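Here are a few short exercises to work through with the model open in your viewer. Try each task before reading its solution.

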Amino acid sequence: MTKTPFDYSVFDEGRQVNYWRLDPALRAEAQRVYPNGEFSWAKSRLDEFGELVGGTIADNADVVDDNGPELHTYDKDGDLWNHVEYHPAQAENDRLTYESGIVADAFDPPSGRKQPLGLVHTLTMQLLLSYVDTGFVCPVSMTAGAALVLRNHDTADELHDYFERLTSRSYESLIEGAMFLTEKQGGSDVGAVETIAEPVETEFSDASPSNSDSSEDNSSEPMPAEGDGGEVHPRTYELTGEKWFCSNIDADGTLALARRSGAPDGTAGLSLFLVPHQTRDGALNDQLYRRLKDKLGTISVPTGEVEFDGTTAYLVGEPERGFKYMTTMLNWERITNAVGAVGIMGRALLESKIKAANRDAFGNPVQEYPLMKRDLFDMAVDYEAALAFAMEAGKWLDRYERDHDDDEAYRLMRTLTPIAKQRTARMAVDTASYAMEIQGGNGYVSDFVTHRLYRDAQVLPIWEGTSNILALDLLRTFERDGVPETLLSHVDSLLSSVDSPSLNHLVDTVRGEVEDLTRALTTLADADSEYAQHEAKQLADYVFDVVTASLLLSNAQRELETSNDARNALVAEWFVDQMLVNTPGRGIGDGDALPLEHFDAVVRHASVEPAELDDE
């Protein structure tokens, strides 16, 4: 089927458009990773959401960036209020997004289905939302993450009222989630948490978490929890301590780590608590929202400092298992960080294509000049590489969360997650930066969206673990039995699916890199700790390149088989040549110029006859 290339000159900017329809690569990746025929049901909802995000939500996001949330710690009488004031445009975005099912569809069957869609659906919707506001994706993601933690670890179902409202389809009954990990003295060293949890003997309401105007108090004795040895533990605690970076500060479904009296040091002594903005009886919780951070970007999500001082908190699951429970949310947040990065890249690429198609210089649109053709070609291939890897990581997390006995899914999720977060975050910063350059001086001023994309992208390498922390996590993952073998087997499976003669030389190149990667893994397994840490980020990048090349080749084979189209083969070829082939003289002397020959195919999504591959 011949595809008509997109004409980006018909757009003035990347708003008032349907992002889903303008992103064939995302549509193809979603179809690949949705399990069990779910994509055929979900695609109409994704189309509707792409239209909504590209219109009303995009316009509102621009308003919110200029009118961010404001904190009112005290009311006019000097009493503690802890009130965060949001612009009405943010409230509208909240309602439109949550009522589209971005969280609920993953936990509760939407109308017309017997089963939920799973987390890969939430990730795809979050990617679309990241086209316009990665800051807003943060509370959406943490709402899904908090619900996932409660679903998995609130084994006694004592916090079911909170779970129900985290996953509500009604904006009026919805509460949002948050994750308060960072303390001033600890940073990434979570085991250094100093917040203390003391049990209290009190009654609390079994009613659902309260709205601000609730006056009902249906009190009952708190339910005890039994530990592994039958020991009974209280459920309600008071927290004392300080949390230093608290995004979505006023959430009613906040998860926080604290240490009970007598618990061991380090992460082994941490318990997980749900800390509401309001207690179950509707009273303001005893905590102080000290101030909001004056951040570079992600203006739409209020990030601040919180002091716990006898703050009511409800124990999640069993005590001293908090860090393990929190890794459920952390893995989820790292993958959402990756798809958020991909969304920023997608918007930056779209704005760049539109600008290059509309801006004339020296008598021609700048997209017709060889340097710009190569720039846009590079950006498009980078986007599709990041997209393929991030969605692959999301696929395995989704598979694992559907079946916790799936060892392959667990190993691949744990391997791909830190890599996805590390590499895509840096790629988003680089892509957003170059998108500003393509806009020229306009790209540097706040009237144009590239200004915000670049500011928002800068947080992605920091959120949920810096690149050093992620690389160390990857080393620990590879120490687990069977993890290297599972990864290499998965890569082999992807490459074995490719049998088109026109792709053989690329498969051979990647298989050679797989052999080198295998030797690298063996070397680091036998190396001392210092050398292994020294090479950890190199290893993460190497795994990304090899896995991504394999994914792109598998995608190319699938497109050849289903559409007789070689467009994805060109994407795979450029990625392999740029990332895995050490060309003499950096390729300057070989005469190859794929971006000049196939600009329309890769940048404008035109179709390519397979015979054209054989002619190269």
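Two strands pair if DSSP finds at least two bridges between them. Keep in mind that this model is predicted.

**Exercise 1. Find the strands that β4 is joined to, and give the direction of each pairing.**

Step 1. Start at β4, residues 196-199, and look across to β9, residues 236-247. Four bridges join these two strands, and they run antiparallel. For a landmark, find Glu198, which has Glu238 of β9 opposite.

Step 2. Now turn to β10, residues 253-260. Here two bridges join the strand to β4, and the pair runs parallel. Your landmark this time is Ile196, with Arg259 of β10 standing opposite.

**Exercise 2. Decide whether Ser130 is buried or exposed, then list what Ser130 touches.**

Step 1. Locate Ser130 in helix α5, which spans residues 119-130.

Step 2. Apply the cut-off: buried means under 20% relative accessible area. Ser130 has 1% relative accessibility, so this serine counts as buried.

Step 3. Leave out residues up to four places away in sequence; Ser130 then touches Val137, Val339, Gly340, Gly343 and Ile344.

**Exercise 3. Which residues have the most contacts inside the largest nonpolar core, and which helix gives the most to this core?**

Step 1. The largest nonpolar core holds 189 residues, and Leu129 and Tyr383 have the most contacts inside it.

Step 2. Helix α9, residues 370-402, gives the most to this core, contributing 18 residues.

Step 3. Zoom in on Leu129. Setting aside neighbours within four places in sequence, Leu129 is in contact with Phe49, Val53, Ile57, Thr97, Ile102, Phe136, Val137 and Val140.

Definitions and conventions. Residues are numbered from 1 along each chain as its sequence is written. This is a predicted model: local features need pLDDT of at least 70, side-chain atom pairs count only at pLDDT 80 or more; totals for chains, interfaces and linings use all residues. Side-chain values use heavy atoms; hydrogens and water are left out. A nonpolar core is a set of buried Ala, Val, Leu, Ile, Met, Phe, Trp, Tyr and Cys residues joined through side-chain atoms within 4.5 Å. Buried means under 20% relative accessible area, exposed over 50%, partly exposed in between (1.4 Å probe, protein chains only). Contact means heavy atoms within 4.5 Å.
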